[in-house]
Amino acid sequence: MNDNGKGMSSDEINKLFYIHTHFSYEGTHGEKGAGIGLLLCKELVELNGGKLKVKSTQGKGSTFYFNLPLIKAYA
């Protein structure tokens, strides 16, 4: 998922996925959040064997992506 919002510094990115460094900012259009959504997403992805990552540039926006392992369907 891509956005073209405020973007984040490398310090902010390093704090995103840890409960002890919880933080939240207003969004581009003043929207508010609890600051736990990405932490919950990371937990869900990891519980399913995947990884959640982010790339961001301040003033340009962020890209969030994840991968999940493929599993074979049982017949």
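This is a short walk through one chain, from its overall fold down to a few side chains.

Please keep in mind that the model is predicted. The chain has two helices and two strands. Along the sequence, the order is α-α-β-β. There are 75 residues, and 24% of them are buried. The exposed surface comes to about 6200 Å². Of that surface, 57% comes from carbon and sulfur atoms. Now the contacts. Take those with a sequence separation of 6 or more: 43% of them join residues 24 or more positions apart.

Let's start with the strands. Strand 1 covers residues 51-57, and strand 2 covers residues 61-67. The two pair antiparallel, over seven bridges. At one end, lysine 51 has asparagine 67 as its bridge partner in strand 2. Threonine 57, in turn, stands opposite glycine 61. Three residues sit between the strands in this hairpin. What is the backbone doing at glycine 59? Its phi is positive, near 80°.

Next, the two faces of strand 1. In a regular strand, side chains alternate between the two faces of the sheet. Here the covered face carries Leu52, Val54 and Ser56. The uncovered face carries Lys51, Lys53, Lys55 and Thr57.

That brings us to the core. Which residues form the largest nonpolar core? There are seven: Met8, Ile13, Leu16, Phe17, Leu52, Val54 and Phe64. Two of them, Leu52 and Val54, are on the covered face of strand 1. In soluble globular proteins, nonpolar side chains tend to be buried together.

Look at methionine 8 in that core. Set aside neighbours within four places in sequence. Its contacts then include the core residues Ile13, Leu16, Val54 and Phe64. Methionine 8 also touches Ser56, Thr57, Gln58 and Ser62.

One step back along the chain is glycine 7. Where does it sit? Glycine 7 is in the segment before helix 1, which runs 10-15. Is glycine 7 buried or exposed? It counts as buried, because its relative accessibility is 18% and the cut-off is under 20%. Its contacts, again without the close sequence neighbours, are Glu12, Ser56, Thr57, Gln58, Gly59, Gly61 and Ser62. Gly59 is the positive-phi residue of the hairpin. Threonine 63 is 56 residues away from glycine 7 in sequence. In space, their C-alpha atoms are 9.1 Å apart.

Now serine 62. This residue lies in strand 2. It is buried, at 4% relative accessibility. The serine 62 side chain makes a polar contact with the side chain of serine 56, at 2.7 Å. Serine 56 belongs to the covered face of strand 1. Glycine 7 is in contact with both Ser56 and Ser62. So is methionine 8.

Last stop, helix 2. How many salt bridges does the chain have? The count is one. Lysine 42 and glutamate 46 form it through their side chains, at 3.1 Å from N to O. Side chains of opposite charge can pair when their charged atoms come close. Both residues lie in helix 2, residues 37-47. They are four residues apart, about one turn of the helix. How do the partners differ in exposure? Lysine 42 is buried, with a relative accessible area of 14%, while glutamate 46 is partly exposed at 35%.

To recap. An antiparallel pair of strands has seven bridges. A nonpolar core has seven residues. And one salt bridge joins lysine 42 to glutamate 46.

Note on methods:
Residues numbered from 1 in each chain as written. Predicted model: local features only at pLDDT ≥ 70, side-chain atom pairs only at ≥ 80, totals over all residues. Heavy atoms only, no water. Buried < 20%, exposed > 50% of the residue type's maximum accessible area, 1.4 Å probe, protein only. Contact = heavy atoms within 4.5 Å. Core = buried A, V, L, I, M, F, W, Y, C linked by side-chain atoms within 4.5 Å. Pairing = 2+ DSSP bridges. Areas by Shrake-Rupley, 256 points an atom, 1.4 Å probe, with all protein chains shown as cover. Salt bridge = Lys/Arg side-chain N within 4 Å of Asp/Glu carboxyl O. Polar contact = N/O pair within 3.5 Å; in protein donor to acceptor, adjacent residues only side chain to side chain.
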